[in-house]
Amino acid sequence: MFLRISVLLFSFLCFQTSLAQNAAVRVNKDRLENHILTLATYGQDDQGVTNRVAYSDADLAGRAYVIDLMKNAGLTVHIDFAGNIIGKRAGKDASKKPIAFGSHIDMVPNGGNYDGCVGSMGAIEVIESLNDANITTIHPLEVIIFSDEEGGVFGSRAMAGAINDTALEVQNSTGYSVREGVSRIGGDPDKISQVARTEDELAAFLELHIEQGGTLYNEGVDIGVVEGIVGIKWWNVTFNGFANHAGTTPMDMRQDALLAASKFVIAVNEVVLGYEGKHVGTVGRIMAKPGAPNVIPGEVILSLEIRDLSSEKISQLFKDIKVRGEQIAKEGKVQVSFSPIDATAKPALTAPSIQKAIEATAKELDFSYKYMPSGAGHDAQDMALITPAGMIFVPSKGGISHSPKEFTSAIDMANGTNVLLHTILKLDGELN
């Protein structure tokens, strides 16, 4: 009897010691920042601006650096058929489903060094910090660096089983199609369907990310607990008029596609402002043909993007915008057509249980926090289709993102990574 009590007491003391050890562990701020700054050199020009679009040579070099970091951290690394980089760390119980976390390292053209990169380097820092503290989680862990996030969350969509053949033909600013690009980074476009994972394969997914807006920075809040990620839909809108001589065609006889397109841009703004809510609508690209100063534009192709947490509102906004576009085309004696672009994402709410875990962790670490939506799309919204998902935001200085001036301080990056680390440890003890 005495021996049994002693064994139980010893086990209890070991458990308490383990809890205390877990609570004390913190990430290495300087190491994390060094990894971020080193990653920024891949694709950096003489002016210090980094350009690392998916599938570019800079992307390949950056991915090689990340793979080395993951291997050096003891992860077993492989590239799946969609080009996602996956690093695995064994847990104490091999029968448990893995807890996954990560982000991306590809950039928009002339983007910034923190979007996606903080979550990616933060995920690797979590592994390195666990190694430093000699902590082995109960669940296996997976670090996922998704491919081509900026081109339409391709890697995570593939993992969610939401990729079709049309998506493979989309071309980005590198000149490569997704099909070509996936092959360049070590994937296999003919086996994309095999990347899809079922709802039974992961216990949870977490993504650390800069906010990309100014709410946290302006309010002086440390951590954003993301409630949901907006849905995004894109269209090409084409106005077809008649190209003619700019000097000899009277103003009242013109079929000016660019004039109609210009009125359409204003109409988009008016329709979007006509509804209450945090939805947004944007025309971000215009191409006028033939593009000569002395020729009336005969064709104009522009982009339309709508974002909101509600699919129904996105549909209603598009319906109203389409009606306005058709009215403008009729008045201008031109034609208009709307073509969906395969770079869309459905709205995704994060798991309430993970929201609460993030909140509890922020409190325990004495960080200020607030619940908020994400106005930008992220890999987490596709992962939410196959597993409970959560997101942690840290401040973006001045609310700037998708710009070389994008910046998040080392302290803010470390704060977010500590929340990521301890939320994972919390979930590790709570999830089946």
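Here is a quick tour of this structure, from overall confidence down to single residues. What you have is a predicted model, with a mean pLDDT of 94 for the protein, and 94% of its residues reach 70 or more. Stops along the way include a pocket of about 1,100 Å³, the largest one, and the helix α13, where 18 of 21 residues are buried.

**How far to trust it**

- One stretch to be wary of is residues 10-17, where pLDDT stays under 50.
- For residues 10-17 the model also has zero contacts beyond four places in sequence.
- Where pLDDT is low, the predicted coordinates should not be read in detail.

**The largest pocket**

- If you want to find the largest pocket, look for E150, G151, G152, W234 and E305, which lie nearest its centre among 45 lining residues.
- Three elements each give two or more residues to that lining: β7 (231-240), β12 (299-308) and β13 (335-345).
- By type, the lining of the largest pocket breaks down into 19 nonpolar, 18 polar and eight charged residues.

**Helix α13 and L420**

- Helix α13 runs over residues 410-430, and its first and last C-alpha atoms are 30 Å apart, close to the 30 Å expected at 1.5 Å a residue.
- Most of α13 is covered, with 18 of its 21 residues buried.
- L420 sits in this helix, and its relative accessible area is just 1%, so L420 counts as buried because the cut-off is under 20%.
- Leaving out residues up to four places away in sequence, L420 touches F101, G122, A123, V126, L206, L208 and I392.
- One of those partners, A123, is 297 residues from L420 along the chain, yet their C-alpha atoms are separated by 8.0 Å.

**Helix α4**

- Helix α4 covers residues 117-132, and its end C-alpha atoms are 22 Å apart, which agrees with the 22 Å that 16 residues should span at 1.5 Å a residue.
- The rest of the structure largely encloses α4, because 14 of its 16 residues are buried.
- After α4 comes N134, with a positive phi near 55°.

**Backbone oddities**

- Some background first: most residues other than glycine have a negative phi, and most peptide bonds are trans.
- V153 has a positive phi near 40° and is not a glycine.
- You'll find V153 in the loop between β4 (141-146) and α5 (154-159), and with a relative accessible area of 6% V153 is buried.
- Q212, also not a glycine, has a positive phi near 70°.
- The loop between β5 (204-210) and α8 (215-219) is where Q212 sits, and at 17% relative accessibility Q212 is buried, because that value is under 20%.
- The peptide bond between K289 and P290 is cis, with omega at about 5°.
- P290 belongs to the loop between β10 (286-289) and β11 (295-296).

**One more buried spot: A167**

- A167 lies in helix α6, which spans residues 165-168.
- At 2% relative accessibility, A167 is buried.
- A167 and R179 are twelve residues apart along the chain, and 8.4 Å separates their C-alpha atoms.

Note on methods:
Residues are numbered from 1 along each chain as its sequence is written. This is a predicted model: local features need pLDDT of at least 70, side-chain atom pairs count only at pLDDT 80 or more; totals for chains, interfaces and linings use all residues. Side-chain values use heavy atoms; hydrogens and water are left out. Helices (H or I, at least four residues) and strands (E, at least two) are DSSP runs, numbered from the N terminus. The expected span of a helix is 1.5 Å times one less than its number of residues. Buried means under 20% relative accessible area, exposed over 50%, partly exposed in between (1.4 Å probe, protein chains only). On a 1 Å grid over the protein atoms alone, a cavity is a set of points where a 1.4 Å probe fits but cannot get out, and a pocket is an open set with protein on both sides within 12 Å along at least five of seven lines; lining residues have an atom within 4 Å of a point. Grid points are joined across faces, edges and corners, and a volume is the space filled by probe spheres set on the points. Ala, Val, Leu, Ile, Met, Phe, Trp, Tyr, Cys and Pro count as nonpolar, Asp, Glu, Lys and Arg as charged, and the others, Gly among them, as polar. pLDDT is the predictor's confidence in each residue, from 0 to 100. Contact means heavy atoms within 4.5 Å.
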